[in-house]
Structure formats: structure tokens, C-alpha cells
Amino acid sequence: MGQNSTTILVPIIKNKVDELLDLLAGINEGLAMGKPPLFEELNIIHFARWVVIDHGKSWINDPVERTPKLLFVVDYDGKETDLLRKLCTDSAELLDKVYAYCENFPILEKRTPDSRTAFLTNNVIKDAAVYIGAPGRTVRQIKDESNLRDFIRKYLDSTTWGNLSAQAIHQTIKNEVSSNGNFAFLDQKVKIPSVNWLGLIFLGIVLLVLLPLTIVLLLLVIVWVLVLHIFYERKDENFIRKRSQLNDKFMTELEKYEDFTSQNQFTQLVDMKEGKFRLFTIKAMFSLSKSLIKFVFVKGKLMGIPTIHFAKWVMFEENSRVLFFSNFDGSWQQYLGDFIDNSGWGLTGIFSNTKVFPKTNFLLTGGAYDEEHFLAWSRNSELVTNVWYSAYPHLSIKNINNNTKIRVQLMKSLSERQAAKFLKLI
Amino acid sequence: MTTLELNDIQGYLIRGYAHMMYSRFVYLQITDAEATKNWLAKSWKTMTTAEHIPKKDQISSTHLNIAFTYSGLEKLGLKTDNLGSFSREFRQGMVSPHRTRLLGDLGNSAPENWRWGGPFNKPIHLCLMVFGNDKEGDDDIEKDKIVCINYYELLKAHFAGNGLEEILFIDGQTQPENKEHFGFRDGISQPIIEGSGRVGPKDDVIKAGEFIFGYKNDFGVYPDTPLIRAEQGNLNLLPPDAEGSGLKDIGRNGSLMVMRQLEQNVKTFWSFMNEKTKNEDHSINVAESLKLAAKVIGRWQSGAPITLFPDKDPGVISDINDFGYAKFDKDGLKCPFGSHLRRTNPRDSVDDHGRKESLKLSNQHRIIRRARLYGEIFEGSPVNNVPNGEVGLLFCCFNADISRQFEFLQYTWANLPKTKELYNDPDPIIGVKEKTTAGEEQNFTVQDLPVSRTISDLPQVITVKGGDYFFFPSITVLRFLSTI
């Protein structure tokens, strides 16, 4: 089953923001104390968050008066219609509590699964690009495979294996697992996604065959970047603060929500630079990202970053603003450190089209590669994530992908060499 | 090529003063800022610099260095805007709800239980580092001690007159073989600062800006140095911001210093190793116990890396440091992925990155370590594991970016149990929690053939007893501080 991501943005009723914030704080505290949210029972939601945006002043002193809005972001298994329907039926109590503070939510007497679903559906905003660290893995599968790995690990530790061959051990594990009723799911065959080399080769051939066109395309890109540099980059207002110069109170507020488990969240909101040129550039970057995510970044790494479960970009309010969300392993520092090393090009290509970004040149230098300013920019444009839920906070994305490998290799017939490799996974 | 202004840099940042086997770290409060500034106006000349002195007999028998906490600089009279230009970590200090979570200072390591630096302790304003070496004696710690203490007494006689009040002191010692209390040779691997004049393996040479303000770091940019934003004092003394902002730089040739007093629970450490490797008749298997401990640490007691000597300790004191994990031990069969040294400096083997990328990542998280022993010197082993009284390490390190360096190492690489392909393996030395939550495991996985083994239920062998973040200014800045 495929994974999907949905973003729902709703204006909050005037003067109700503080009450809503209190409610969200209560839900988040409950989560921290191990009280699961109603929707956990659905067993299809990987990550979810509620974020209140446009409450207080914009970080770049944007003069526009904005209405506070509630953002709901959810990563889940299956189709959007099914998810919304289930949420509006089985988790209605929670939804009602939260959305009672929002504009246009059906009044009490008119709240039905249908009316709630219609409300949510009407407020869905489109994703610009979505990344999934373990494509195809459902919540159920992730939990099952985690149990399987733990079971095998315990079994391996329960005895000594002397000089048994790897093949023999593989077979013994297989027998032990097969005789255990908890692992009936192993009958279902699963595939591990792989890089679409065929598609890439095909693309390469097409580009070669149409060499003149390719050259024209390249030239166009070069001209584009030159124009961007001369007419846009040089006139940009740049972000020049360092981390030490960020607002202390706001940093403390962000930190309140961080580093409780080995997973963390990140929500970021920035404003687009004006003009069609910038819009076209960011859209082109999103298209490139989407293709790469589909064909290349399918094995748990986004531009080389091995710690992201789900991430996505969203544009809204007539493409004038960009949201970025991520659910990841480890700390904020490692997350961004990784970004700089492996994907500075991608981040610069995308975010330099938004206002007040660290100075870039030809979309290639500066920007995300300017470590100190980039870290500060990123932290400064971050938002407090009011409620954050993870279905499996104890698992890293590497664990999840490794568990699938274990599951797949366990069910195969393996050569001695393959079996030895399999044992290394556990 | 960068050249460091060694005569402006306080010595302890560049040199470990290893020949000065006895030292006293004195934590003080400023009671009279004017008096302290008057003292600084003279005493900056007496601070030991990093300047290389080729003739041994010209090296002073005593060394002195100084560092300030945030509240110390505040007390001294640095203006709010200028204080505000220091990094957030330094300004907050080691204790805040988030930082405590990040550093794993929970349970018996919680700041509430600390001896110093905690919420129930008197705030520390500055730390004086006093070192002594008897030039006649040959590695004789008792003789060094006399020199150190005499110098300390000399300084102490003027504390009150200089507006200073002593809160506490901790005596830091080194051993000729540099073994810590668990019995392992320590301090072998240090980054080599580019431009410091030291030489060593190319992979270990790190840009000066990783440790010293005013120089470029490994990302090719200048670290976030504190700048003068509100005029005060004799600004003519200060150098301009190297980045060209036009502001005066109070950080240049200085660094940030992290200090943590870590009690070592020697008996717990060795009892655990003994228990996990005992013979069938329950007697201690010394060889196996030593081997497991070496796997946990990453080196044998002699200092020899287990990566190069997988079977047994070669026995001779070793400083071998020019090796990589990817090259010699890709699968962790010799030095497990979870071992203390491998995870805190993974060298050429970070996650599944290639060698070059790994080295780059590793080098973005290096620190200069300056640990010294406290308590009665003891060399632990499987059969000798009850020291006389409390023993431990006064951990000290230098870095320009506490968040990306020290805190990253403590949190991301030590406390988080997910290094490499691991699941439930915190750093077995500095990452283990006293109490786990329901269902949580703390293991050490020994990669092996045909299958890896889980060493379960790691005990906490380090208890944090105190700590603080300090600014370690240049000589020039000490002089400037006397004029504010």
C-alpha cells in the first residue's frame, strides 16, 4: 500500500487562538506522557502534527496583517479520502475539540462524518514535493517487522552458535519464526524499492539522441542562472544574522518541543520572493526533486541524508508562501549539518527563491553552503510545532529499512555468502 | 596557510601541559569587579601563552590560565549587548531544561545533585587553572604538586584583595602513562590545529576556526565570534572582526571551554565486564574481561587500538593513532560500532558514507580534550577495581561551536542509541542512563561471526558531578576586559 501525505489549512476563529493553543498544549503533553491520540487506533498514521501559523508577527517583519490558521499535516497509508473518512468517524471526538475553534467547521448539530469530511477536504492544500524514507511500508508492516527483528535478535542471544554455517543458522531462524504464530504476515511477499536505473539509462539515451536539444536545454539553464544572478541575486535582501543573534525567547520556545526521543520534527514557513522568475525557478526545483525522489531517493536517503522518515514542501496562498515539514532522527544540528554536506545544492536551489535567505551566487555558492548563516536562517524561520505524533518513536529510518531487509532475506533461500550477509543485518 | 598568533592565545588551548603533572582548577566568584579588573590589568602578563619555547630550561615551572563564565563576564561589567553577542549555549550555560535533556544529565547526574555549576550551587564566575612542574624532578607528581600548590598559595593570598572569592577547587593530575581510573591510556587522539606548528597525520589536521575564533573553520566560514556591539573600554586594544563587519572582535584567539566533573564508577565498570565474561565456574576470566572492556572503549589498556590489535593487548604503551575504521574494520568485527571511541570519533567510517565524506563529517565534530584525573590515582583492572574514595575525570575540552561540537558528540553520537545500524546502543561509557523507561533497553552489540552478540543491561559508569561553559579569552582580550 502506498503512503500519502495531506496538509489541511484552516483559519482560526478570531479571539479563539489562545484557547486553541491551550488545547493543543494539553494534547501534546498527553502524548509526551505516553497517552496516545485517538487516531492511533486507526494504525495507518505514521506522523501527524498541528501547527498554529500567522499568530504573532512574521519573522521578516512582513507588514501584511494575517489571520491565524491551523495547519494539520499527516503522513499515512492509503488514500486521502479513506483517511479523512476514518478520522471523521473514529477520531471525531478529537477533531471536534480542535476544529471547534476554526472557521466554517460544522456547527454542533450538523456535525456528521460527512460534514466533517467535507470540511477537511475543502481545506486541503496541495503538496509541492513529498519524500518518504521507507516507501511502501505501512505502519502495520513497520511494527510487524520491528517485532520480527527483536524476536530474531533475542533468539540469537538465547544460545551460542559455535561453528554452525551461516546457511544453517538462517534456516534455524526461519524454522523458529515459522513456528511462531505472531509472524503469519511473512506469507505476504514484499519488495524493497530500488533505484530506477532502467529509467535513468533511458533518460540518458533520450538526452543523447536529442543531443542538439539537450545542448539548447543546458544553454537555457545557463542563461537562466545568469539572468537570475544579474537581475535578481545581486539585488536580494540577504539573511545576515548568526545563531547568536537569534531571539532567545523564541529559541527557548522551540527547544521546549525538542529532543525527547531519538526522533524530532521540523516545521518551517518562508515567503516567496516576488515575481514569475522566482516562482518558475522554485517550481522547476520542485519538479526536479519530485523526479529524483521517485526514481533515485527510494532507499531511505534524501539527497544523501539518511535520517528522514517523511518530509515535504507545500506552497500556499497563491504560491506566495512555502512550508517545509520534516520528521527525522537525531538532533537539529545533525539534521542541518547533513543538509549542508549533501544537499546544499538542492536547498539553495529551492530556498533561495524565498525572501531573506543567505546570499547566493549563480544558485551554486553561498546559500546553504554558508554554514553559520544558513543554520541561523533555518532556525529563525522555524515554527513551533504545537502537537507532534510519531507512531514509532523508538525506530530510526535506518532501523525500518534494515528490518524490511531482514524480513525479505529471511524468507529467501540463501547461499552461504548471502546468509552471512543476512546475519550481519541483525 | 593559516598562521596562529600563538603569543596571543592562552597556552592550554594549544598545549596539554603534560609535563605539569599536578594542577589545581580554582573556581571563583567576583565580589568586587573593580578590584578584579585592576588585577587583570596586571595579571594578563602572567598568563601562559601558546608560544613555543624551544629551550626546555626556559619554560616556566608554573603555568596559569583563566576562563570566564557568562555570569563572570556580566559581573565584570561587560555590557548586555556585548554579552548578547556570545553563542546561546555559552550564555545559557550547561544547565537549562533543554540542555539537560540533550546532555543526558538525568537521575543521579542531574544538575540538582551537582557539586558546582548546578542550580543549588553558588554561581561560578571564573576558573583559574594553576599548573606546576618541578624542573629538577623527573615525572614526579609529588614534587610537581608542591610547585603547583605553592604557586596557588601565592595567588590565593591576593584573592580577597583582587575582589575574588574561592568557591571550590579540584586538583587535576596526570600519570606518566596517562591512564585514567578504569585503567586505559587516554588522550591519544587529538585534532591537530592548522597553523599551530604541530605535525601529524593529514586526516587529523583541522582548520583553526573549529577551535579558535577569528579563523576560518572546516566549512570555510568564520565561526560565530562575539563582537563588540556597545562601545566600552579601550577598544583600540581589540582586533577587528576578520569577517569584515567593521565591529571589534572580542573572540579572536579565544575559544569556548567545556568543563565537566565526571565521577568514574570503577567497580561498576569492571564488575560488569567480569560478570559478562565469567567462566563456567563463575570465576573471573581476566583475559576475556579485558577484551570486552577494550571493545567497549575502543583501545586496550596500553592505548593500542583494538582495530589494529584485535586479539590481545600488545602490552607496550601505545600512541598509535594513524588508522581508519573503514580500512581495517568495516564490519566492526574488531572495534564494535558502538564502542566509545569509534562512535565519538568515527574517523573514516560515519554511518554508510564513503571514506572521504566520513572524514569530513568526523572532522566537523572534533574537540580538543584536556582531561585530568581527580581523586587518588588508581589504575583499574578486572581484579583491582576498588579505588580509595571517589575518583573521576575532570573533563575539559575546547571548541568554537559548543552546539556542533561538544553537544553534538554528547547527544547525537553518544546518547542516541542509533549510531550506524544499531538499535538500542547508547555510548557504553558516557551515554548510559541511570534509569530506563518501560521496555527501553541499553545494550552493547559486539559484531562477531557467525552472529553478533548483545551485551545487555549496560550500567551507568559515569556520574556527572558538576560542569559549566567558559569563555577562554585571548591575552589581548584579558587586557581589554581590565578596561571595561
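**Exercise 1. Work out how much area domain 1 and domain 2 of chain A bury between them, and describe that contact.**

Step 1: start with the area. Domain 1 of chain A and domain 2 of chain A bury about 350 Å² between them, 51% of it on carbon and sulfur atoms. Buried area here is the accessible area (1.4 Å probe) that two parts lose on being put together, summed over both.

Step 2: see who pays for it. On the domain 1 side of chain A, A:Asn43, A:His46 and A:Asp77 lose the most area to domain 2, together 85% of what that side buries.

Before going on, a word on ground rules: this is a predicted model, where local features need pLDDT of at least 70 and side-chain atom pairs count only at pLDDT 80 or more, while totals for chains, interfaces and linings use all residues. Residues are numbered from 1 along each chain as its sequence is written, chains are lettered from A and ligands numbered from 1 in the order in which they are written, and side-chain values use heavy atoms, with hydrogens and water left out.

Step 3: place the domains. Chain A is divided into domain 1 (3-125), domain 2 (139-192 + 396-425) and domain 3 (197-390), with bounds from an automatic or database domain assignment. The C-alpha centres of domain 1 and domain 2 of chain A are 39 Å apart. Five residues of domain 1 and four residues of domain 2 make the contact (heavy atoms within 4.5 Å).

Step 4: check the polar side. The rule finds zero salt bridges between these two domains of chain A; a salt bridge needs a side-chain nitrogen of Lys or Arg within 4 Å of a carboxyl oxygen of Asp or Glu. Two residue pairs are in polar contact there (both at pLDDT 80 or more). That term stands for a pair of N or O atoms within 3.5 Å; within protein, one must be able to donate a hydrogen and the other to accept it, and residues adjacent in sequence count only if both atoms are side-chain atoms.

**Exercise 2. Do the same job for domain 1 and domain 2 of chain B.**

Step 1: get the bounds. Domain 1 of chain B covers 6-177 + 187-255 + 467-481, and domain 2 covers 265-366 + 413-466. Their C-alpha centres sit 31 Å apart, and the contact takes 25 residues from domain 1 and 23 residues from domain 2 of chain B.

Step 2: add the area. These domains of chain B bury about 2,000 Å² between them, with 48% on carbon and sulfur atoms. In domain 1, B:Asn108, B:Ile188 and B:Asp203 lose the most, together 29% of what that side buries.

Step 3: look for charges. One salt bridge turns up across this interface. B:Arg366 and B:Asp204 form a salt bridge, with their closest N and O atoms 3.1 Å apart. Polar contacts come to 10 residue pairs between the two domains of chain B (both at pLDDT 80 or more).

**Exercise 3. Characterise the interface of chain A and chain B.**

Step 1: size it up. The two chains bury about 3,900 Å² between them, 41% of it on carbon and sulfur atoms, and 50 residues of chain A touch 49 residues of chain B.

Step 2: count the polar pairs. The rule gives 10 salt bridges across the interface of chain A and chain B. B:Arg88 and A:Asp248 meet in a salt bridge through their side chains (2.7 Å, N to O). There are also 29 residue pairs in polar contact across the two chains (both at pLDDT 80 or more).
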